[in-house]
Amino acid sequence: MLVRTFIALELSGALKKGILNLAKELERRGVRASWARAGTLHLTLKFLGDVEEALIPDVVAAIARAASEVSPFAFDSLSVGAFPSPRRPRIIWLGVEPVDELYELQGAIEQELTVLGFPRERRRFKPHITIARLREPLRLGDDRETGGILTDLAAPDEKTWVDEVAVIKSTLAGGGAIHECLAVVPLGGTRGSVHR
C-alpha cells in the first residue's frame with residue numbers, strides 16, 4: 001500500500017492561532033482560497049509523495065539519524081508572502097526566521113533520504129508555512145495592486161520551540177487533506193524515543 005508522506009515540524013498552538021487570524025483577515029479583504037486548518041498547519045521539511053508502507057520504518061530511521069545531529073532550537077515568524085510572487089499569488093504563506101539549525105536539520109534529512117533513493121529537492125529550501133491556496137487569481141479592482149493586499153499584514157509575534165520532527169501521513173479527502181502523525185523523532189540532546 002502507498003502512503004502519501006511528508007516530514008514536518010509541528011507549530012505551537014499560539015502560532016497556529018495567529019495564522020488562523022491572518023487567514024480571517026485575508027478572507028475579510030476579499031481573498032477566496034482553500035484555507036489551511038489548525039490540524040494541517042505545519043512547516044514542511046521534505047515532501048516524499050507516495051511511499052510504500054513497508055519503507056516507512058526505514059524513513060523514520062533515516063529521520064532519526066538526521067535529527068540526532070541537530071540540537072533543539074526556536075524560530076520566529078517573519079512576514080507574509082506568496083508563490084510565485086505577491087503580484088500573482090497562487091499560494092499565500094508565512095515565512096519563518098532562517099535559523100542555522102533549521103537549515104542544518106533540513107539538509108541532514110535531505111541527505112539521509114537521498115541514501116534511501118528519494119530524489120534531492122532541486123529548489124533551494126525556503127522555510128514557510130502555507131496559509132492558503134488560491135482557487136483563482138485575485139481580482140481586487142483597478143485601484144489596488146494585487147501585492148498590496150499582503151504588504152501590511154503583520155506576522156504573528158510568536159516563537160516556536162522545536163525539539164522533534166514528525167513523519168506525517170496525508171490522506172486527500174473532499175474537505176481537504178487529513179493528516180496523521182506516523183512517528184515523532186526527538187532532536188539531538190532531547191530525551192525520548194521514536195514512537196509510531
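This tour proceeds from the whole chain to its two sheets, the helices on them and the nonpolar core.

**Conventions**

The model is predicted: local features need pLDDT of at least 70, and side-chain atom pairs count only at pLDDT 80 or more, while totals for chains, interfaces and linings use all residues. Residues are numbered from 1 along each chain as its sequence is written, and side-chain values use heavy atoms, with hydrogens and water left out.

**The whole chain**

Begin with the complete protein chain, coloured by secondary structure. The chain has 4 helices and 9 strands; helices (H or I, at least four residues) and strands (E, at least two) are DSSP runs, numbered from the N terminus. From the N terminus on, the order of elements is β-α-β-β-α-β-β-α-β-α-β-β-β. Of the 196 residues, 44% count as buried, where buried means under 20% relative accessible area, exposed over 50% and partly exposed in between, with a 1.4 Å probe and protein chains only. Among contacts (heavy atoms within 4.5 Å) between residues at least 6 apart in sequence, 75% join residues at least 24 apart.

**The sheet of 5 strands**

Select β2, β6, β5, β4 and β7. In that order they form an open sheet with antiparallel pairing; two strands pair if DSSP finds at least two bridges between them. At the edges are β2 (33-35) and β7 (159-162), each of which pairs on one side only. Neighbouring strands here are turned by 35° against each other on average, direction ignored. Axes are lines fitted to C-alpha atoms, for helices over the stretch in contact, and angles run from 0 to 180 degrees between N-to-C directions.

Within this sheet, isolate β5 (residues 91-96) and β6 (residues 128-134): the two run antiparallel and are joined by 5 bridges. One pair to label is Leu 94 with its bridge partner in β6, Ile 129.

**Helix α1**

Next, add α1 (residues 13-28), which lies across β2, β4 (73-83), β5, β6 and β7 and runs at about 30° to β6. Its end C-alpha atoms are 23 Å apart, which agrees with the 22 Å that its 16 residues should span at 1.5 Å a residue; the expected span is 1.5 Å times one less than the number of residues.

Colour Leu 15, Lys 16, Gly 18, Ile 19, Leu 22, Ala 23 and Leu 26, the buried residues of α1. They cover an arc of only 160° around the axis, which puts them on the same side of α1; the arc is that of the directions from the helix axis to the C-beta atoms. On the other side, Gly 13, Lys 17, Lys 24 and Arg 28 are exposed. Following α1 is Gly 30, with a positive phi near 100°.

**The sheet of 4 strands**

Now select β3, β1, β8 and β9, which in this order form an open sheet with antiparallel pairing. Its edge strands are β3 and β9, each pairing on one side only. On average, neighbouring strands of this sheet are turned by 25° against each other, direction ignored. The antiparallel strands β8 and β9 are joined by 8 bridges, and Ala 166 has Val 184 in β9 as its bridge partner.

**Helices α2 and α3**

Helix α2 packs on this sheet, touching β1, β3, β8 and β9, and its direction makes about 50° with that of β9. Its buried residues are Ile 56, Val 59, Val 60, Ala 62, Ile 63, Ala 66 and Ala 67. Seen down the axis of α2, they fall within an arc of 160°, so they line one face of the helix. Their cover includes α3 (100-115) as well as β1 (2-9), β3 (43-52), β8 (164-171) and β9 (178-186).

Select α3, which lies across β1, β3 and β8 at about 15° to β3. Gln 106 is in this helix; at 10% relative accessibility, Gln 106 counts as buried. Leaving aside neighbours within four places in sequence, Gln 106 is in contact with Leu 45 and Phe 125. Measure from Gln 106 to Ile 63: they are 43 residues apart in sequence and 9.9 Å apart in space, C-alpha to C-alpha.

**The nonpolar core**

Finally, display Leu 9, Phe 73, Phe 75 and Val 165, the residues with the most contacts inside the largest nonpolar core, which has 54 residues. Such a core is a set of buried Ala, Val, Leu, Ile, Met, Phe, Trp, Tyr and Cys residues joined through side-chain atoms within 4.5 Å. The largest share of this core, 7 residues, comes from α2. Centre on Phe 75: leaving aside neighbours within four places in sequence, its contacts include Leu 9, Leu 15, Leu 43, Val 96 and Val 162.
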